[in-house]
Amino acid sequence: MKLNRTITVLALATGALVGGMTPALAAGTTAAAPQGASTLAAAPIVISGPADGYSVYYRLNGQTTDCPSGRLCLSVWDTTKSPDQWKVFAFWKCGVYNVANWEGSGYWENNQSGTARGTFYSGKNGTGNSNTTDKPYSNGPYGWSPINSVRPC
């Protein structure tokens, strides 16, 4: 299934279920505090993948993602920060990254160039069910449960 159809369905379902919650957003957009976000006590992390292929930064709810050029940015709600914040993973190196504790609603922003698209997998090492982001310079909501690996290119 193409991610753009999934995103439309997720956006409608998420809006209906949690009152329009949106995570750290693309430039110029703000949001209310997330409802129904994960209450997982462990921080979202990248377990393995290409060395030095991503950076991590935090955004308060309602702040813009500020995804750098050439990156695929993925926002995951982190309840281990005080106050709770969006943990943004900005990937720039191609490869498969295994992730852990990515739960609940989140957000992706494809600020790469050319035809690069990110792919999210239900299994480790790029296996299982998958969905692919839209073309570069696009963004949308995403349900991270269950996501166990990502490929930013």
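**Two sheets and an aromatic cluster**

Hi everyone, let me start with one pair of residues: Val76 stands opposite Gly106 in strand β6. Please keep in mind that what you have in front of you is a predicted model.

That pair belongs to the pairing of β3 with β6, which is antiparallel and runs over six bridges. On to the next neighbour of β6. Strand β9, residues 138–143, is joined to β6 by six bridges, and the two run antiparallel. If you want a residue to look for there, Tyr107 stands opposite Pro141 in β9.

Now, how many of the residues of strand β6 are buried? The answer is seven of the seven, for residues 105–111, so the strand is largely enclosed by the rest of the structure. As a reminder, in a regular strand the side chains alternate between the two faces of the sheet. You can follow this in β6: Ser105, Tyr107, Glu109 and Asn111 point one way, while Gly106, Trp108 and Asn110 point the other way. Both sets are buried, and that includes Glu109 and the two asparagines, Asn110 and Asn111.

Let's go to the other side of β3. Here β3 meets β4, with seven bridges between them and an antiparallel run. In that pairing, Leu72 stands opposite Phe91 in β4.

Put these pairings together and you get an open sheet of five strands, in the order β2-β4-β3-β6-β9, with antiparallel pairing. The edge positions belong to β2 and β9; each has a single partner strand, so one side of each is left without a neighbour in the sheet. On average, neighbouring strands of this sheet are turned by 20 degrees against each other, ignoring direction.

There is another open sheet, also with five strands and antiparallel pairing, and its order is β1-β5-β10-β7-β8. Which strands stand at the edges here? They are β1, residues 45–48, and β8, residues 130–132; each has a single partner strand, so one side of each lacks a neighbour in the sheet. For this sheet the average turn between neighbouring strands, direction ignored, is 30 degrees. To find the β1 end on your screen, look for the antiparallel pairing of β1 and β5, which has three bridges. In β5, Asn98 is the bridge partner of Ser48.

Stepping back to the whole chain, the secondary structure comes to one helix and 10 strands. Along the sequence the pattern reads α-β-β-β-β-β-β-β-β-β-β. The chain has 153 residues, and 44% of them count as buried. As for contacts between residues at least 6 apart in sequence, 74% join residues at least 24 apart.

So what is packed inside? The largest nonpolar core has 15 residues. Those with the most contacts inside this core are Leu74, Phe91, Trp102, Phe120, Trp144, Ile147 and Val150. Three elements give two or more residues to the core: β3 (71–78), β4 (85–91) and β5 (97–100). Which of them gives the largest share? That is β3, with three residues.

Leu74 is a nice place to zoom in. Leaving out residues up to four places away in sequence, Leu74 touches Lys87, Val88, Phe89, Phe91, Trp102, Tyr107, Trp108, Phe120, Trp144 and Val150. Apart from the largest core lies another core, of five residues, among them Cys67, Cys73, Val88 and Ala90.

You will have noticed several aromatic names by now. A search of the whole structure finds 11 aromatic pairs. One of them is Tyr54 with Phe89, a tilted pair with 6.4 Å centre to centre and 45 degrees between the planes. Tyr54 lies in strand β2 (residues 54–59) and Phe89 in strand β4, so the pair ties together parts that are 35 residues apart in sequence. Are these two rings' residues buried or exposed? Phe89 is buried, at a relative accessible area of 1%, whereas Tyr54 counts as partly exposed, at 28%.

Tyr54 and Phe89 also belong to one aromatic cluster, together with Phe91, Tyr97, Trp102, Phe120, Tyr142 and Trp144. Phe91, Trp102, Phe120 and Trp144 were also among the core residues I named a moment ago.

One last detail before I hand over. Lys81 lies over the face of Tyr58, at 4.3 Å from the ring centre. Thanks for listening, and I'm happy to take questions!

Methods. Residues numbered from 1 in each chain as written. Predicted model: local features only at pLDDT ≥ 70, side-chain atom pairs only at ≥ 80, totals over all residues. Heavy atoms only, no water. Core = buried A, V, L, I, M, F, W, Y, C linked by side-chain atoms within 4.5 Å. Buried < 20%, exposed > 50% of the residue type's maximum accessible area, 1.4 Å probe, protein only. Helix = DSSP H or I, 4+ residues; strand = E, 2+ residues; numbered from the N terminus. Contact = heavy atoms within 4.5 Å. Pairing = 2+ DSSP bridges. Axes fitted to C-alpha atoms, helices over the stretch in contact; angles between N-to-C directions. Phe/Tyr/Trp six-rings, centres within 6.5 Å; stacked < 30°, edge-to-face > 60°. Lys NZ or Arg CZ within 6 Å of the ring centre and 35° of its normal.
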